[in-house]
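Visitor: I am new to this structure and would like to learn how its empty spaces and helix contacts are read. May we look at it together?

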Amino acid sequence: MRTLFLLLLYALPAAADPIGYDGARHLLSRTGFGVTDPEVRAFSGLDREEAVDRVLGEARREAVQPPPAFMSVAAIPYASVRALSVEERLAWQRGNFEQGMQLREWWLREMLETPSPLTERMTLFWHNHFATGAQKVRIAHLLYRQNVLLRREALGNFGALLHGITHDPAMLIYLDNAQSRRGAPNENYAREVMELFTLGEGRYSEQDIKEAARAFTGLSVDRETLDYHYRPFFHDAGAKTVFGKTGRFNAGEVLNLILARPEAAEFIAAKLWKELVSPAPDRAELARAAQVFRDSRYEVKPLVRALLLSHTFWAKENRGSLIRSPVELVVGTMRTFDIRPPSLRPAAFASALLGQNLLAPPNVKGWPGGEEWINSTTLLGRKQFVERLFRADDRMAQVLPLPWEGAGGGSDGVAMKSDPLPGPLPLRDRSPRERENAMQRRMERGLAAYAVNADSSAAAKAEDPQRLLLPVAAVSPPAEGVGRGDLVRHLVADAAYQLK
């Protein structure tokens, strides 16, 4: 038995060995949105620590894109809306909706263009964790400010993020704390901060919630500026007992009491495990990661590093074990195939139709994710989305044009030599044959880096797109000798393309 164990142990790749092409693809697909061949090759020669540290070292705290244009104009506060006429109020509502769509497009553009995909993946993770919906907040300025906060601490400090989100105007409005006052405390935020944000069910009492709600009274929003505003006359300054400790606690002190509980680190580590590693945590490795989180005083980056360096993360049986969210599918497909449309509104609508409407989670619990992403309707919709992107006669392909089409040439500012048409011409204005040729070039451009050597075998040429596009073997293997364009269409339509 001991001999068999040693043989199995030595058969495993050492952590210091290069992760190879498949390992690099696995790491980048879990920490970003889609993968490109140059990115994968750049990481394939690194060992696990080098690769993980490079991903973490590229993390940003600010967006690459400038703020949405509407942020240059002050928002109309809720108090002023009451004085508007019916027509003016409807115009205000339409304006808020339009700004919300602009904010979704802005964020999707950041996901596409960022040099640190992990930053945006973590920003999306925290958006789902601290779920806040546009349907109730309504004002896009507040949602943008929250998005900035989530990004700043995406890989920063969870304690700072928790304190920040507790004083965030969008959250104060969404969970009804802006009007909470002594004598009539609102318990919504106190309950969710324990159940959904830090500890999980069963790790607090109803009395803890009631007492914590008193500590959160007075946290409000300025009616004119829409900034955070503390109202001391609303605050209950009396003695409170939370988790068996008594004092005249304010909001910050209650949050620190929560963070002092070991369950908080375990709860966040487990949730991130399911986001990055596998559907079911390994108890021993999860406990070690949670301890790293506690020892670092809730720094997120060491926690993510511990998870990405765990043996379970690199185990081959866990590759392709997670389902891509609609945003990951939509943005990832566009990144892999270098699709950079002038408008991302169709992409925002596509993601919403597949079940993930950015800025509008279904409730305070956020999107459940995992297998919940897939049902008979969404699975069909997912397949239709990717099929339509590569079907030249479809309106989706016309709405998301080739990257080198549009004003000013292509995404790199240079017209493609392979495009024989004089100047930009929308796909809908081309002949069927021209559209098909254009779509073929789109796929070739996305896989352009797969320039195989002259001595490469035909089998290797056919295998390369599969290694890039699929985390595991195709459920329905493509036929031998299939052309490049048909091969790509087949692979993106395969069920394995929905996995990461």
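Guide: Let us begin with a term. A pocket is an open set of grid points with protein on both sides within 12 Å along at least five of seven lines. Please keep in mind that this is a predicted model.

Visitor: How is such empty space found, and how much of it lies in the second largest pocket?

Guide: Rolling a probe the size of a water molecule over the atoms shows where empty space is left. Here the second largest pocket holds about 520 Å³. Its lining counts 22 residues, and those closest to the centre are Tyr78, Ala79, Arg82, Gln179 and Arg223. Two or more lining residues come from each of helix 5 (78-81), helix 6 (86-113), helix 11 (169-174) and strand 1 (219-221). By class, the lining comprises 10 nonpolar, four polar and eight charged residues.

Visitor: What is the volume of the largest pocket, and which residues are closest to its centre?

Guide: The largest pocket encloses about 920 Å³. Among its 33 lining residues, Lys271, Lys274, Trp367, Pro368 and Gly369 are the closest to the centre. Helix 7 (117-129) and helix 15 (262-276) each contribute at least two residues to this lining. The lining is made up of 14 nonpolar, eight polar and 11 charged residues.

Visitor: How many cavities of 30 Å³ or more does the structure hold?

Guide: A cavity differs in that the probe fits inside but cannot get out. The structure holds two of 30 Å³ or more. The largest cavity has a volume of about 120 Å³, and 14 residues line it, with Arg25, Ser29, Gly34, Val35 and Arg324 nearest its centre. The second largest cavity has about 40 Å³. Its lining consists of Trp107, His127, Thr132, Leu143, Gln146, Asn147, Leu150 and Leu359. Helix 9 provides the largest share of that lining, four residues, and no residue of the lining is charged.

Visitor: At what angle do helix 7 and helix 9 pack, and is their arrangement parallel or oblique?

Guide: One compares the directions of the two axes from N to C. Helix 7 and helix 9 (residues 140-152) pack at about 120°, their axes lying 8 Å apart. Helix 7 is therefore oblique to helix 9. The crossing of helix 7 with helix 9 is right-handed.

Visitor: Which residues make the contact?

Guide: Helix 7 supplies Thr119, Glu120, Thr123, Trp126 and His127, and helix 9 supplies Asn147, Leu150 and Arg151. These contact residues divide into two nonpolar, four polar and two charged.

Definitions and conventions:
Residues are numbered from 1 along each chain as its sequence is written. This is a predicted model: local features need pLDDT of at least 70, side-chain atom pairs count only at pLDDT 80 or more; totals for chains, interfaces and linings use all residues. Side-chain values use heavy atoms; hydrogens and water are left out. On a 1 Å grid over the protein atoms alone, a cavity is a set of points where a 1.4 Å probe fits but cannot get out, and a pocket is an open set with protein on both sides within 12 Å along at least five of seven lines; lining residues have an atom within 4 Å of a point. Grid points are joined across faces, edges and corners, and a volume is the space filled by probe spheres set on the points. Ala, Val, Leu, Ile, Met, Phe, Trp, Tyr, Cys and Pro count as nonpolar, Asp, Glu, Lys and Arg as charged, and the others, Gly among them, as polar. Axes are lines fitted to C-alpha atoms, for helices over the stretch in contact, and angles run from 0 to 180 degrees between N-to-C directions. Angles under 35 degrees count as roughly parallel, over 145 as roughly antiparallel, 65 to 115 as roughly perpendicular and the rest as oblique. A crossing is left-handed if the near helix is turned anticlockwise from the far one by less than a right angle, and right-handed if clockwise. Contact means heavy atoms within 4.5 Å.
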